Amino acid sequence: MGRYTSTANGSYQLAEGCSLEDALARLGRLEDLYESLSAQREGLSQALGQLRAAGKTRSYQFKEKMAQKLICSNVLDALQEKVWDKA
């Protein structure tokens, strides 16, 4: 994956040979990913709540959804730390 930005003196600028439109498109896809993962994590939380209420906390389905939620949470935490909290 090639970069669309470069850094100089702690600030970002458009990399040589890259267009602003391409950089904005990539940023938009990153924001879409963040929103999608957030929605997926919320859906998984609801599904886990339903499984807990049904007493199925030891089921394969519960464990699979819990693993998916943890993955989503880890990716979102990394994005939050590296991207959104830096602004």
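User: Which residues does Leu37 touch, not counting residues up to four places away in sequence?
Analyst: In this predicted model, Leu37 touches Cys72, Val75 and Leu76, with residues up to four places away in sequence left out. The word "touches" is used here because contact means heavy atoms within 4.5 Å.

User: What makes up the largest nonpolar core?
Analyst: Six residues make up the largest nonpolar core: Tyr34, Leu37, Leu44, Cys72, Leu76 and Leu79. Helices H1 and H2 each supply at least two residues of this core. The set is called a core because its members are buried and joined through side-chain atoms within 4.5 Å. In soluble globular proteins, nonpolar side chains tend to be buried together.

User: Which residues of H1 are called buried, and what do they pack against?
Analyst: The buried residues of H1 are Ala23, Tyr34, Leu37, Leu44, Ala47, Leu48 and Leu51. They are called buried because each falls under 20% relative accessible area. These residues pack against strand E2 and helix H2.

User: Which residues of H2 are buried, and what covers them?
Analyst: Phe62, Cys72, Ser73, Leu76 and Leu79 are the buried residues of H2. Their cover includes H1.

User: How do you know that the span of H2 agrees with its 23 residues?
Analyst: At 1.5 Å a residue, the 23 residues of H2 should span 33 Å. The end C-alpha atoms of H2 are 33 Å apart, so the two values agree.

User: What is the span of H1, from its first C-alpha to its last?
Analyst: H1 has 34 residues and reaches 50 Å between those atoms, close to the expected 50 Å. After H1 comes Gly55, with a positive phi near 70°.

User: Why is Lys65 called partly exposed?
Analyst: Lys65 has a relative accessible area of 22%. Buried would need a value under 20% and exposed a value over 50%, so Lys65 at 22% is partly exposed. Lys65 is found in helix H2. Leaving out residues up to four places away in sequence, Lys65 touches Leu44, Ala47, Leu48 and Leu51. The C-alpha atoms of Lys65 and Tyr4 are separated by 35 Å, with their positions 61 residues apart along the chain.

User: Why is Leu70 called partly exposed?
Analyst: Leu70 has a relative accessible area of 49%, and exposed begins over 50%, so Leu70 is partly exposed. Leu70 is in helix H2. Its C-alpha atom is separated by 8.5 Å from that of Arg41, 29 residues apart along the chain.

User: Is Gly28 buried, partly exposed or exposed, and why?
Analyst: Gly28, at 22% relative accessibility, is not under the 20% cut-off, so Gly28 counts as partly exposed. Gly28 lies in helix H1. The C-alpha atoms of Gly28 and Gly43 are separated by 23 Å, and the two residues are 15 apart along the chain.

User: What makes the phi of Asn9 worth a remark?
Analyst: Asn9 has a positive phi of about 55° although it is not a glycine. Most residues other than glycine have a negative phi. Asn9 is in the loop between strands E1 and E2. With a relative accessible area of 84%, over the 50% cut-off, Asn9 is therefore exposed.

User: Which residues form the nonpolar patch on the surface?
Analyst: Leu14, Leu20, Leu24 and Leu27 form the patch, with about 360 Å² of accessible area together. Helix H1 supplies the largest share of the patch, three residues. Leu14 lies in strand E2.

User: How do you know that Leu14 meets the accessibility cut-off for a patch and is still only partly exposed?
Analyst: Leu14 has a relative accessible area of 39%. A patch residue needs over 30%, so Leu14 meets that cut-off. Exposed needs over 50%, so Leu14 is partly exposed.

Technical notes: Residues numbered from 1 in each chain as written. Predicted model: local features only at pLDDT ≥ 70, side-chain atom pairs only at ≥ 80, totals over all residues. Heavy atoms only, no water. Patch = residues over 30% accessible without salt bridge, like charges linked within 9 Å, V, L, I, M, F, W, Y side chains within 5 Å. Areas by Shrake-Rupley, 256 points an atom, 1.4 Å probe, with all protein chains shown as cover. Salt bridge = Lys/Arg side-chain N within 4 Å of Asp/Glu carboxyl O. Helix = DSSP H or I, 4+ residues; strand = E, 2+ residues; numbered from the N terminus. Buried < 20%, exposed > 50% of the residue type's maximum accessible area, 1.4 Å probe, protein only. Expected span 1.5 Å × (residues − 1).
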